[in-house]
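This report examines the cysteines, the nonpolar cores and a surface patch of one protein structure. The sequence and the structure are shown first.

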Amino acid sequence: MDTERQHLAGVIEGDDLALQALLLAAHTMEALHTAGIHFAEVLQSGPPWMENFWITITSVADPKCIFTVCFPLAYFLDRKVGVAVLWVGLVAEWLNVVFKWFLFGERPFWWIHESGFASRQPLTLRQFPVSCETGPGSPSGHCMITGAALWPLVTALTALASRHSKSLVLKLIPFSAYTLLLLAVGLSRVFVLAHFPHQVLGGIVAGAALGWGLQAHIPATRSLGFFAATSLGLLLGSVALHRLMVAAGVDIDWSIRLATAWCKDPSWLRLDTRPFASICRVAGSSLGLGLAAGDPQRWDKPLPPRQRAACAVLALAAVRGLQHIPQPQQVTLWYASSFLKYTAGPGMVAVLLPRIARTVIRPQSPPHAE
């Protein structure tokens, strides 16, 4: 009997410790969220001209820009750097989706209502068209994906500066700009009520760590089969994880409902902010890299500087134009068309445009000797 009582007392004590740990975690998150809301208020109370600045920063650092702007520019600066930017970016975005599914991060624009915070004290916070992200909030995708994808580019620029100059200031410029950019992106995400400060910090740390860890493992010379298998694995792995969580009773689409309920303007809700939009983007980009890698003339003869500059301009215009092609309104068809767009992008950049450049901008022949 005494043994049973001791066992029961131990179970009760263990339950009390678990309950205390849960209460402490809840109290800590409440404090972080509250502090984040007050910080957002301070940012939004700044000079009116700062509003356009923050919105511009958060738009420029949209993860889609890694695929449609940074990759084309980096590719024609250096092929391996371009592949690294796209590869690290798509891996980081896939991991960001997985982290968000498991961490269940709130977003400020709905948390102030769901928690009752807005009813307890007056708030002057505003939403913007870029506020209404529909996925969970932790960690920040803008910070994590941008931080990871730009790491290979910043490293390459630092190495380039080191080869051409002994100035320490010049060598520090790329990483200084990288740090300031991520800081500005993080503040912009807090300003528009898309993230809390701790989610931004987590995204920056995770992004830098991924960029540093993955840059030495870039599959620049792998075959089409490798990239096709990766694309299929990312897509099917995401679907399987989603189904497993649903089967386990996890409400994995909770954030979409909260975003729909508390977004000020329904037109601000966009399909491209949903988790599966990110999955289609990374799976399509991986397959697109494979199509580029399978080109028999892919990297045998590097383009001269003039042709690379022309290709960079054409690539930006072509990839951005590709993104503006209208997509179906039906959700499944929208996902499918998004997958195809991001599959076509790397092929256009790495195969089609270089071939056009070689054909149109031919090197001048030396004059004949008389």
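In this predicted model, the disulfide between C132 and C263 is right-handed, because the torsion about its S-S bond is about 90°. The two sulfur atoms lie 2.1 Å apart. The bond connects distant parts of the chain, its two cysteines being 131 residues apart. C132 belongs to the loop between helix 6 (117–120) and helix 7 (141–164), while C263 belongs to the loop between helix 11 (254–262) and helix 12 (275–293). A search of the whole structure finds 1 disulfide.

Both partners of the bond are buried: C132 has a relative accessibility of 0%, and C263 has one of 9%. C280 takes part in no disulfide, and the cysteine sulfur nearest to it, that of C65, is 19 Å away. Since a disulfide requires sulfur atoms within 2.5 Å, that separation of 19 Å does not qualify. C280 is nevertheless buried, with a relative accessible area of 8%. C311 is likewise in no disulfide; for this residue the nearest cysteine sulfur is that of C70, at 18 Å. C311 is buried as well, at 0% relative accessibility.

The accessibility values of these four cysteines are set out below.

| Cysteine | Relative accessibility | Class |
|---|---|---|
| C132 | 0% | buried |
| C263 | 9% | buried |
| C280 | 8% | buried |
| C311 | 0% | buried |

The interior is considered next. In soluble globular proteins, nonpolar side chains tend to be buried together. Here the largest nonpolar core comprises 45 residues, and F76 and L90 have the most contacts inside it. Helix 4 (residues 79–103) supplies the largest share of this core, with 9 residues. When residues up to four places away in sequence are left out, L90 is in contact with F67, L234, V282, S285, S286 and L289. A further core of 31 residues lies apart from the largest one. Among the members of this other core are W54, F117, V130 and V190.

Nonpolar side chains also appear at the surface. L77, L157 and L160 make a nonpolar patch of about 220 Å². Of these leucines, L160 is located in helix 7. L160 counts as partly exposed, because its relative accessibility is 34%, a value between the 20% limit for buried and the 50% limit for exposed residues.

Definitions and conventions
Residues are numbered from 1 along each chain as its sequence is written. This is a predicted model: local features need pLDDT of at least 70, side-chain atom pairs count only at pLDDT 80 or more; totals for chains, interfaces and linings use all residues. Side-chain values use heavy atoms; hydrogens and water are left out. Helices (H or I, at least four residues) and strands (E, at least two) are DSSP runs, numbered from the N terminus. Buried means under 20% relative accessible area, exposed over 50%, partly exposed in between (1.4 Å probe, protein chains only). Patches are made of residues with over 30% relative accessible area and no salt bridge: like charges are joined within 9 Å, nonpolar side chains (Val, Leu, Ile, Met, Phe, Trp, Tyr) within 5 Å. Accessible areas come from the Shrake-Rupley method with a 1.4 Å probe; for residues, only the protein chains shown count as cover. A salt bridge is a side-chain nitrogen of Lys or Arg within 4 Å of a carboxyl oxygen of Asp or Glu. A nonpolar core is a set of buried Ala, Val, Leu, Ile, Met, Phe, Trp, Tyr and Cys residues joined through side-chain atoms within 4.5 Å. Contact means heavy atoms within 4.5 Å.
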